Each structure stands twice: as structure tokens, then as C-alpha cells.
Amino acid sequence: MISPKRLAFDEVCDLFVLIGAHNSPAEMHGLLTGQLSAGKRMNQAEWLKEAREFIDTDHVFSKDEEEQLQYIYMATLSSLLDEELSFYPLLPVEEADVDERLTSLSAWCQGFLAGFALVEKSMSELPETVNDALHDIAAIAQVGLGEDDEWDESSDEDYMQIVEYIRL
């Protein structure tokens with residue numbers, strides 16, 4: 001069960017496995033965050049319909065699974081609205097494999113951009129700072145390690161700075 005205090009990547013992954021999801025929890029969270037950031041709000045039925053379409057499963061959600069999915073929505077919305085900036089993208093913990101972290105970061109960014117674009121149809125009318133941030137997120141979505149790239153402590157620091165940038 002997803003913790004009532006915060007969203008934890010591993011717990012949401014467990015839920016996705018349980019319900020037979022065919023997509024990434026990071027990407028779904030990015031999609032949701034993008035939509036919420038662009039101003040969309042959904043009631044429970046709308047969110048569950050959208051989550052089911054994204055998850056791409058025939059699984060019939062139990063009441064507990066519906067509550068967990070609804071909690072993802074509510075936790076994301078409330079953290080985005082929190083004046084103390086408690087929002088954090090749903091990504092693997094620091095101890096996770098580098099490839100998993102980078103793949104999830106890329107998926108989260110792709111989801112965010114798709115979700116934002118679904119809601120915000122007039123991108124050209126957005127303030128320059130918003131357009132700049134969207135371009136940055138699009139660049140971050142291309143993140144990955146090349147064959148000759150090595151991961152070290154400075155790479156961890158760079159990764160954390162990138163995550164902090166998209167968080168804010």
C-alpha cells in the first residue's frame with residue numbers, strides 16, 4: 001500500500017506490477033504533474049479513467065487500488081500547491097541503478113511535456129520563462145549514458161541538480 005505520508009517510487013512500482021500496468025510510474029506521474037501544472041483538475045472518476053487509459057490494462061481495479069491511484073492524484077496536487085515546495089517528481093531513490101534513474105527521469109520529463117501539452121493548447125502565448133523551462137525539460141528528457149560515459153560522484157551531484165531544477 002502506498003504510504004499516506006508521501007509517494008514512494010518503489011511502492012507505486014509495486015502497485016503497477018499488481019495491476020498489470022504496461023507503462024512507467026515515473027511517466028504517469030510526469031503526465032499528471034504536467035496536466036495539473038497547466039491548470040487541469042479532475043474528479044475521482046475522471047482521474048481513474050485517465051489513469052486506466054495510461055496504465056493500459058484490462059485489470060479491474062479493487063477499491064484499495066482505486067484509493068491508491070486517487071492518493072497519487074491528491075498527493076501530487078497538494079504537493080504542487082504547497083507553499084513550502086514539497087513537490088518532488090516520482091523517481092527512483094538515490095541507491096537505485098543509474099540506468100533506472102536516468103530512464104525514469106527521461107520518462108517523467110516526457111510525461112510532463114505530454115501532460116502539459118494536452119491541457120495548454122496555446123504554447124506560444126505562455127510567458128518566456130515557462131517556454132524556457134519546457135525547452136529545458138525537453139532537453140532533459142533526452143538524458144542517458146553513452147557507451148563511453150562513466151558515472152561518478154560528480155555525476156550524482158549533476159543528476160540531483162537536474163532533479164531539483166525540474167522539481168522547482
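Buried means under 20% relative accessible area, exposed means over 50%, and partly exposed lies in between (1.4 Å probe, protein chains only). The model is predicted: local features need pLDDT of at least 70, side-chain atom pairs count only at pLDDT 80 or more, and totals for chains, interfaces and linings use all residues. Residues are numbered from 1 along each chain as its sequence is written, and side-chain values use heavy atoms, with hydrogens and water left out.

**View 1. The whole protein has seven helices and zero strands.** Helices (H or I, at least four residues) and strands (E, at least two) are DSSP runs, numbered from the N terminus. Read from the N terminus, the order of elements is α-α-α-α-α-α-α. The C-alpha atoms fill a box of roughly 45 × 40 × 30 Å along the principal axes. The radius of gyration is 16 Å, which agrees with the value near 15 Å for a compact globule of 168 residues. That radius is taken over C-alpha atoms, and the globule rule is 2.2 Å times the number of residues to the power 0.38. Of the 168 residues, 42% count as buried.

**View 2. Lysine 40 and glutamate 50 form a salt bridge.** A salt bridge is a side-chain nitrogen of Lys or Arg within 4 Å of a carboxyl oxygen of Asp or Glu. The structure holds four of them. In this pair, the closest N and O atoms are 3.2 Å apart. The pair links distant parts of the chain, 10 residues apart: lysine 40 sits in the loop between helix H2 (25-37) and helix H3 (44-55), and glutamate 50 in helix H3. Lysine 40 is partly exposed because its relative accessible area is 28%. Glutamate 50, at 17%, counts as buried.

**View 3. Glutamate 53 and lysine 49 pair within helix H3.** The closest N and O atoms of this salt bridge are 2.9 Å apart. The two residues are four apart in the helix, so about one helical turn separates them. Both glutamate 53 and lysine 49 are exposed.

**View 4. Glutamate 164 and arginine 167 meet in helix H7 (residues 153-167).** Their side chains form a salt bridge of 2.9 Å, N to O. They are three residues apart, so the separation is about one helical turn. Glutamate 164 is partly exposed at 32% relative accessibility. Arginine 167 counts as buried at 18%.

**View 5. A patch of negative charge lies on the surface.** Its residues are Asp10, Asp14, Asp97, Asp99 and Glu100. Patches are made of residues with over 30% relative accessible area and no salt bridge; like charges are joined within 9 Å, and nonpolar side chains (Val, Leu, Ile, Met, Phe, Trp, Tyr) within 5 Å. Asp and Glu count as negative and Lys and Arg as positive, while His and the chain ends are not counted. Each charge is placed at NZ of Lys, CZ of Arg, CG of Asp or CD of Glu. Accessible areas come from the Shrake-Rupley method with a 1.4 Å probe; for residues, only the protein chains shown count as cover. Helix H1 (9-18) and helix H5 (98-119) each supply at least two residues of the patch. Aspartate 10 lies in helix H1. Its relative accessibility of 47% makes aspartate 10 partly exposed.

**View 6. Glutamate 11 also has its place in helix H1.** Glutamate 11 is partly exposed, with a relative accessible area of 27%. Its C-alpha atom is 29 Å from that of aspartate 136. Along the chain, the two residues are 125 apart.
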